[in-house]
Amino acid sequence: MHPAGPAAKVIATLWWVLLGGATAIFLFVAGLIAWAWYGPSGERDEWGYVIGLGLVFPLIVLAALLAYGLVVGERLLPRPGPDVVRVQAEARQWAWRFGYDDAPDRETENVLHIPAGRPVDVAITTADVIHAFWVPRLAGKLDAVPGRVNVLRIEADRPGRYEGLGSEFNGPGYRDHRFSVIAHDAASWDRFLQGDAP
Amino acid sequence: MTALRRHRALTRIWASDPGWKGWFTTVNHTDLGRMFLAVAIFFFIVGGILAMLIRAQLASPRSAFIGPEHYNQIFTMHGTIMMFLFAIPLFEGLAVYLLPKMLGTRDLAFPRLTAYGFWCYVFGGSMMIFALLAGIAPDSGWFMYPPLSSTIGAPGINSDFWLIGITFVEISAISAAVEITVTILRYRAAGMRLSKMPIFAWYALVTAVMILTGFPPLILGSILLELERAFGMPFFQVADGGDALLWQHLFWLFGHPEVYIIFLPAAGAISTILPVMAGTRLMGYGWIVAAAVSLGVLSFGLWVHHMFTTGIPHMGLAFFSAASTLVAVPTAVQIFAWIGTLRQGRPRRHLPMLWLLAFFATFVIGGLTGVMVAIVPFDWQVHDTYFIVAHLHYVLIGGFVFPMLAALYYWMPHFAGRTTYFKLGPTAFWLIVPGFHGTFLLLHWAGLLGMRRRIDTYEAGQGWELINLIASVSSFVMAIGLALVLIDVVVNVTVAVRGARDPWKAGTLEWAMPTPPPAYNFASIPEVTSREPLFDAPGLPVQIARGEGYLGDCERARRETLSVDVATGEPRYITVFPGNTALPVLMAAVTGLFFLGMLTKAYWLIPLSALGVIACALTWVWSLGTKESEGLLPAGRGLSLRTAAEVRDPPGWWGSIFLLLANGTFFGSLLFGYAFLWTIAPNWPPPAYVEAGPWILLPLFGGATLTLAGTRLKAPPGLALAMAGLAALGGACAFLLSRAPDPTAHAYDATLWVLMGYALLHHLIALFMMALLAARLLAGHPAATTSGAIRIGRLWCDYAVAVTLVTATAAMLPGMLT
């Protein structure tokens, strides 16, 4: 809930909208029950309750919500662009290994280096069971499925260190299946690619 | 005959055996319903204790109370027990107990099947409890994703307990579902049209059909995964042409309908109780039925929303996201119809009503968070966090446990025949409801802060400590409340005062009998004309007791009830029920040996126990019907009817239809799995496809023709033809199987083995039925009493033919296309 990248930020906004809407609907339903209870005994109003409130009202709300969700989802998809950086993440029980398209011979263990302010596509794979790649403050999560490569777009607004988690239950070492993401500024990213220890 | 003498005579006929023996030989739905409910509550206590262990462990950071090995078993078993051994059986128990009483009949359609299902549940559940106590319980999470749950991630016996134990328990779900469906369609009071059924029966019907179509994918998945674990058939191993995602599809194809299988019975209880509490009739009966049916249908279109993070293309996700939000509409129809019902009546603050208010407050929140997680990008963020844990507990406790507590307090006077003794009830209520919200409300926030589900402990300093401490303390408050409910029930059943019939002034037929209910339910089967017969004919209970309905005279001294037309409820025939017998518990025990053989890899046990099950089944079927035709018998009120043994559509035929529905879904899931692997799995095609010359068409079509024609010709020669045809079909399948000698080589070969094994099994079943029919004719049963049996055999033969043709095509299609 402390977003540090565009993807996490849109999702956070989405959450506040959802929370607001849900609270409003909950209070409305609670009020309706209270009125049914304490108000004068009403007459049979099947149309109002069943059709109006039961059918029309949720259809309108849900259609709006669905459209919003789709638009957000489309924005989060990994689309090709000039400054996209590609990295690989391979999960296993219980560690992560990261590789870099821009420096094919570099490999890091449990630490992922990315440039800040640029979109990064993470190609996620697994060496054994199903895992999931999640950096809560940067983006949503995506699974590592045997035999498949799943691509997740992440981006950090500012340089810094972000916590990453394996977020699909994967056995006794699940709790400590974590990694770090280090977002570099442009100069330090170049140094990293050239092989300097960060 | 006076009412009292009729009561004594009927009790002699219908009563279970006295003493402890009665527990094992009873086939009476009132007994079995109570036993189902008691065992389900036992499992609720076990699951609850596990939940307490979880909350104790998570109360503080860096807790060293339980290590990850045990913690993983505990949360896996908590989910598994609550879903499979508590929620579903509780519904089954409630339906088994209530349905015949609400529908105005004397027992369920297949009394021995009720008992068999119950004992399968008890034995299967015991396996799980044994695993838990021995510390070898499943530990891969309740949805058992391979490869983690397969030999790679779980080499021990743990996963086998889950796969085998749960499949064993599912026998009870399937048999209860067949039973409930046939009972609702054919066993009702005279004149009870479908549109005049109590609303609970509609919900139970939808739920039962959903069980028949929702559980087979899970049973298939469990069998495939167990075959992979036991024999190395690589259905889920990507290197050999399998796919781990296939399990997720099969599991959630079951898993999402499962949520509604749990919610719908609760909604049925609400729709029954709420109008009574408001002193009015239900608003929008037709709309509610339509909503329940559409929930049932829609729920099969949303399984992928559990898989939003597996890398499925975004357009595919959009479809399932739309379907997932759409499911909120029929839910809203029901919620607002209930509120409208409250509005048109005068609600009274009885304890069941309090629980319904708790349901509203909780379930609405759970529904709203459900819509949130149906929105794909939001789900990407909260998937597998405590937000989901909180959401699902709001839905399941709010949407199932609270309504079931309302149902408990509503029907307790019926179960026990005593006035409710409300002292502990409200206290328990005020502990449970705040305790529940204290536990789970803030856990949403912990999930948003990044707390993953299933971690055994956590570090301090992430902002979760206070939330988890509050949750743990509140959960113990809730547990104390639930313990009070238990004490309350025991006190009520044992020491409270005898109460009057129908204390709530309800209108449905279960209140038209003395309480606690007699073994025969109704002294005579009533004729009804409205949805709330007791509102419109207050004298009905007296008329029933006086024997003024159907089958009120018990001269034939056997268990009889009325079977009616599906739509109109007009009386059609008399069903004669079997008496007390230990056959179901024996057959369940032998079935258990079969599963035990699989579990312990004592494979010699499997053919032995299979023979045992066949022997039991033979005894079971042979006792049906009479050797001499009885013709038309007086059924009361001037009506004469035949018995079920002499009609074209006996209960067994209807049961077969619905069993074949479940079976067909199983087969359909298998074909889905095959097509999924073929088109989606990465390492295809296999080294070689099975091919056969065109001559294979001869046994296939020849066998099909012989079988289809044989079952339609005159019996003795026709049966011989059908058996020859089935043998030819079996030969063709066996040949195809011999062309794929190694099922461990590739997922294609493994699937071929399962397809052909499935077809061969059905040839055996059909052959067995034909042989049985032939034996019956030879034993001298006349045509009048075998026509229904022949039609049942024909159903299974037709199914075997269809399965053979489809599997043979499926096996050879890839080879022909390449």
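# Exercises on a predicted two-chain model

In chain A, strand β1 (residues 85-92) and strand β2 (residues 95-100) run antiparallel and are joined by 6 bridges. The model is a predicted one, so let us work through it with that in mind.

## Exercise 1: Placing β1 and β2 of chain A

Find the bridge partner of Ala91(A), then work out which sheet the two strands belong to and which strands stand at its edges.

Step 1. Look across from Ala91(A) into β2(A): the bridge partner there is Trp96(A).

Step 2. Now follow the pairing outwards. The strands of chain A line up as β3-β2-β1-β5-β8, an open sheet of 5 strands with mixed pairing.

Step 3. Check the ends of that order. β3 (107-109) and β8 (150-154) of chain A are the edge strands, and each pairs on one side only.

Step 4. Add the twist, which averages 25° from one strand to the next.

## Exercise 2: The sheet that holds β6 of chain A

Give the strand order of the open sheet that contains β6 in chain A, and explain why β4 and β7 each have a side without a neighbour.

Step 1. Read off the order: β4-β10-β9-β6-β7 of chain A, 5 strands in an open sheet whose pairing is mixed.

Step 2. Turn to the ends. β4 (111-115) and β7 (142-144) of chain A are edge strands with a single partner strand each, so one side of each has no neighbour in the sheet.

Step 3. For the twist, neighbouring strands in this sheet are turned by 30° against each other on average, direction ignored.

Step 4. Take the pairs one at a time. β4(A) and strand β10 (residues 178-184) of chain A run parallel, with 5 bridges between them, and Pro115(A) stands opposite His184(A) in β10(A).

Step 5. On one side of β6(A), the antiparallel pairing with β7(A) has 3 bridges, and His131(A) has Ala144(A) as its bridge partner in β7(A).

Step 6. With strand β9 (residues 160-166) of chain A, β6(A) again pairs in the antiparallel sense, over 2 bridges. Here Phe133(A) has Gly166(A) as its bridge partner in β9(A).

Step 7. Finish with the faces of the strand. In a regular strand, side chains alternate between the two faces of the sheet. In strand β6 (residues 131-134) of chain A, His131(A) and Phe133(A) lie on one side, Ala132(A) and Trp134(A) on the other, and all are buried, so both faces are covered.

## Exercise 3: Domains and the partner chain

Describe how the two domains of chain A touch, then describe the side of chain A that touches chain B.

Step 1. Start with the bounds: the domain assignment gives chain A domain 1 (6-75) and domain 2 (85-193). Their C-alpha centres lie 37 Å apart.

Step 2. Count the contacts. In chain A, 4 residues of domain 1 are in contact with 7 residues of domain 2. On the domain 1 side, these divide into 4 nonpolar, no polar and no charged.

Step 3. Move on to chain B, where 63 residues are in contact with 60 residues of chain A. On the chain A side, α1 (6-38), α2 (46-76) and β7 each supply at least two residues. α2(A) gives the most, with 17 residues.

Step 4. Sort that side of chain A by class: 38 nonpolar, 11 polar and 11 charged residues.

## Exercise 4: Two leucine-and-alanine cases in chain B

Is Ala635(B) buried or exposed, and which class fits Leu605(B)?

Step 1. Locate Ala635(B) in strand β3 of chain B. Strand β3 (residues 633-636) of chain B pairs with strand β4 (residues 639-641) of chain B in the antiparallel sense over 3 bridges.

Step 2. The two strands form a hairpin with 2 residues between them, and Arg637(B) in the turn has a positive phi of about 50°.

Step 3. Ala635(B) has 21 other C-beta atoms within 10 Å, and since 20 or more count as buried, Ala635(B) is buried. Beyond its neighbours within four places in sequence, its contacts include Tyr550(B), Leu562(B) and Leu641(B).

Step 4. Leu605(B) belongs to helix α20 (residues 605-622) of chain B. With 18 other C-beta atoms within 10 Å, Leu605(B) is partly exposed. Not counting residues up to four places away in sequence, Leu605(B) touches Leu593(B), Leu596(B) and Gly597(B).

Conventions. Residues are numbered from 1 along each chain as its sequence is written. Chains are lettered from A and ligands numbered from 1 in the order in which they are written. This is a predicted model: local features need pLDDT of at least 70, side-chain atom pairs count only at pLDDT 80 or more; totals for chains, interfaces and linings use all residues. Two strands pair if DSSP finds at least two bridges between them. Helices (H or I, at least four residues) and strands (E, at least two) are DSSP runs, numbered from the N terminus. Axes are lines fitted to C-alpha atoms, for helices over the stretch in contact, and angles run from 0 to 180 degrees between N-to-C directions. Ala, Val, Leu, Ile, Met, Phe, Trp, Tyr, Cys and Pro count as nonpolar, Asp, Glu, Lys and Arg as charged, and the others, Gly among them, as polar. A residue is buried if 20 or more other C-beta atoms lie within 10 Å of its own, exposed if 12 or fewer, and partly exposed in between; C-beta atoms are placed from the backbone. Domain bounds come from an automatic or database domain assignment.
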